[in-house]
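Q: Could we go through this structure together? I would like to begin with the domain annotation and then turn to the pockets and the ligand.

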Amino acid sequence: MKNRDSELKEAAYQEVEASRETVESDPYRLKHHIMPPVGLLNDPNGFIQWKGIYHLFYQWMPFKTGHGAKFWGHYSSRDLVNWKHEPIALAPSEWYEKDGCYSGSAIAAFDKLHLFYTGNVKDENGDRETYQCLAVSEDGIHFDKKGVVAELPDGYTTHFRDPKVWEHEGKWYMVVGAQTKELVGRAALFSSLDLYNWEYLGDTAGSKTGMLDEFGYMWECPDLFHLNGKDVLIVSPQGLEPDGILYQNVYQSGYFVGELDYKTAKFNHGKFTELDRGFDFYAPQTTVDEKGRRILIAWMSVPDQDEDKHPTIANKWIHTMTFPRKLSIKGEKLVQEPVEELKALRKNEQVHEHIKVVNEEVHMYEAEGSVYELLLEHIKAGDSFKISIKKNAELHYSRRDRLFTLTRISYADGLRESRKCHLAELTKLQVFVDTSSIEIFINDGEEVFTARVFPDAEDRSIVFSSERETVFDLKKWDL
Ligand code: FRU
């Protein structure tokens, strides 16, 4: 009898082969974004540059377009633009992970690549167990499972997962997404001297700690790092109620800027800010690359947010990742810019200087396209400046209300739906349009909107309009 691990991997590869034609025939397959070869992709995992090569693993359910016992799929890249699909890194074959090798992170140490992840186990009644696990690789391709390295501490429910590991002054630290028995979301901290033995240090932050009141019933996918002289905690809290224009998605993803006191294990921080203002952004993960850049990639979706209504399900696949973004801190704000490597995708440059849009609609026939980047610079916005892309996404800036709005046609019910953010001034817009996604960087990454959109395949339209005069310089590249 073959062992469980190779059986599972083989079954997944067979599914890829059997469905290849169906999946690849989908007009909504993206051109430049990371997707599953079949089935469902969710969180980015184990993002790292190791020995020059970027590795990005992903939560993967090969056998259906819903969630379940996840694998770790694996992509690698030399440039963050061209990605190669690698053999499956982890399959849920052992007792401590039989219902999923859930999210986690990677660390290079002792000349080996170490993956930390959550072993998810469910019994016949659906009751969960959770284990923080380790797998080690010498070549970055084949992983040797070392089993459970951290058990569930007292005081938490079994919603305890997504270890993110980093090194600080000769010690390793691990932050884990958690729910206490009082059903509040927390980020739990551990430390280790050898990566195998982990000591529980307590909650570093969470709902009803520090300056936070009630702040969610579960915190998923925490990520804690040092950037530009500050510490940043990124987390995906579940259970925040909509608040004006904030927290409009089913679950949120955002950050706190502060300082981690390594002596007390407490993270002292300011307010929570959503990372992305669009519809589809969750479970981001960061890494520092060999150039010293802090780079973020996120899942371009949100759990339980009409996932079952995605049109790509008909072709046996669902979901994608965002483009990689470089992070920096300006004041108290985390700024996200597309990594400069994406410039390598630019083709057929068009430059249109000093475009003036006054009252009536301007169809930019020469700037139409399917997959492209738009750059609007030196914008002097009139009262109500609009860009409609493929009749499916509409970007709108109201100078009067100081509000930026993204509206799309919902793939769930065909109705228009919007997300908004406050914006004092609009000076620059960088927009990446792929076959079924849009990523909008405002004022060099001061705000970002990410969304899936499913326009008619033939629609290539771009229409500008403005109340009063809007003036800007436009560049456009096919990608
Ligand atoms: C976030 C998440 C994680 C978990 C993984 C399972 O989307 O729920 O908390 O590890 O997905 O796929």
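A: Certainly; please note that this is a predicted model. UniProt, in an unreviewed entry, lists residues 341–477 as "domain: Glycosyl hydrolase family 32 C-terminal".

Q: What are the helix and strand contents of residues 341–477?
A: That span is 60% strand and 0% helix. Its end C-alpha atoms lie 14 Å apart.

Q: Now the pockets. What volume does the largest pocket have?
A: Its volume is about 510 Å³. The lining of this largest pocket comprises 28 residues, of which His 67, Lys 70, Tyr 102, Arg 161 and Glu 220 are the closest to its centre.

Q: Which strands each supply at least two residues of that lining?
A: They are β1 (39–50), β5 (101–109), β6 (112–122), β9 (156–168) and β13 (218–227).

Q: And how does the lining of the largest pocket divide by class?
A: It has 10 charged residues, nine polar and nine nonpolar.

Q: What about the second largest pocket: what is its volume?
A: The second largest pocket has a volume of about 430 Å³. It is lined by 24 residues, and those closest to its centre are Ile 107, Trp 166, Glu 167, Val 288 and Arg 294.

Q: Which strand gives the largest share of that lining?
A: That is β9, with five residues. At least two lining residues of the second largest pocket come from each of β1, β5, β9, β13 and β18 (282–288).

Q: How many nonpolar, polar and charged residues are in the lining of the second largest pocket?
A: There are 13 nonpolar, seven polar and four charged residues.

Q: Let us change topic to the ligand. Which residues surround it?
A: The surrounding residues are Asn 42, Asp 43, Gln 59, Lys 70, Tyr 102, Ser 103, Arg 161, Asp 162, Glu 220, Tyr 282 and Trp 299. Lys 70, Tyr 102, Arg 161 and Glu 220 are also among the residues closest to the centre of the largest pocket.

Q: How far is a polar side-chain atom of Gln 59 from an oxygen atom of the ligand?
A: The distance is 2.7 Å. For Arg 161, a polar side-chain atom lies 2.8 Å from a ligand oxygen atom, and for Glu 220, a side-chain N or O atom is 2.9 Å from an oxygen atom of the ligand.

Q: Finally, what percentage of the ligand's accessible area does the protein cover?
A: On its own the ligand has 320 Å² of accessible area, and the protein covers 92% of it.

How values were computed. Residues numbered from 1 in each chain as written. Predicted model: local features only at pLDDT ≥ 70, side-chain atom pairs only at ≥ 80, totals over all residues. Heavy atoms only, no water. UniProt positions renumbered as here; feature names shortened; annotations may be inferred. Helix = DSSP H or I, 4+ residues; strand = E, 2+ residues; numbered from the N terminus. 1 Å grid on protein atoms, 1.4 Å probe; cavity = no way out; pocket = protein on both sides within 12 Å on 5 of 7 lines; lining within 4 Å. Points joined across faces, edges and corners; volume = space filled by probe spheres on them. Nonpolar A, V, L, I, M, F, W, Y, C, P; charged D, E, K, R; others polar. Near = heavy atom within 4 Å. Polar contact = N/O pair within 3.5 Å; in protein donor to acceptor, adjacent residues only side chain to side chain. Areas by Shrake-Rupley, 256 points an atom, 1.4 Å probe, with all protein chains shown as cover.
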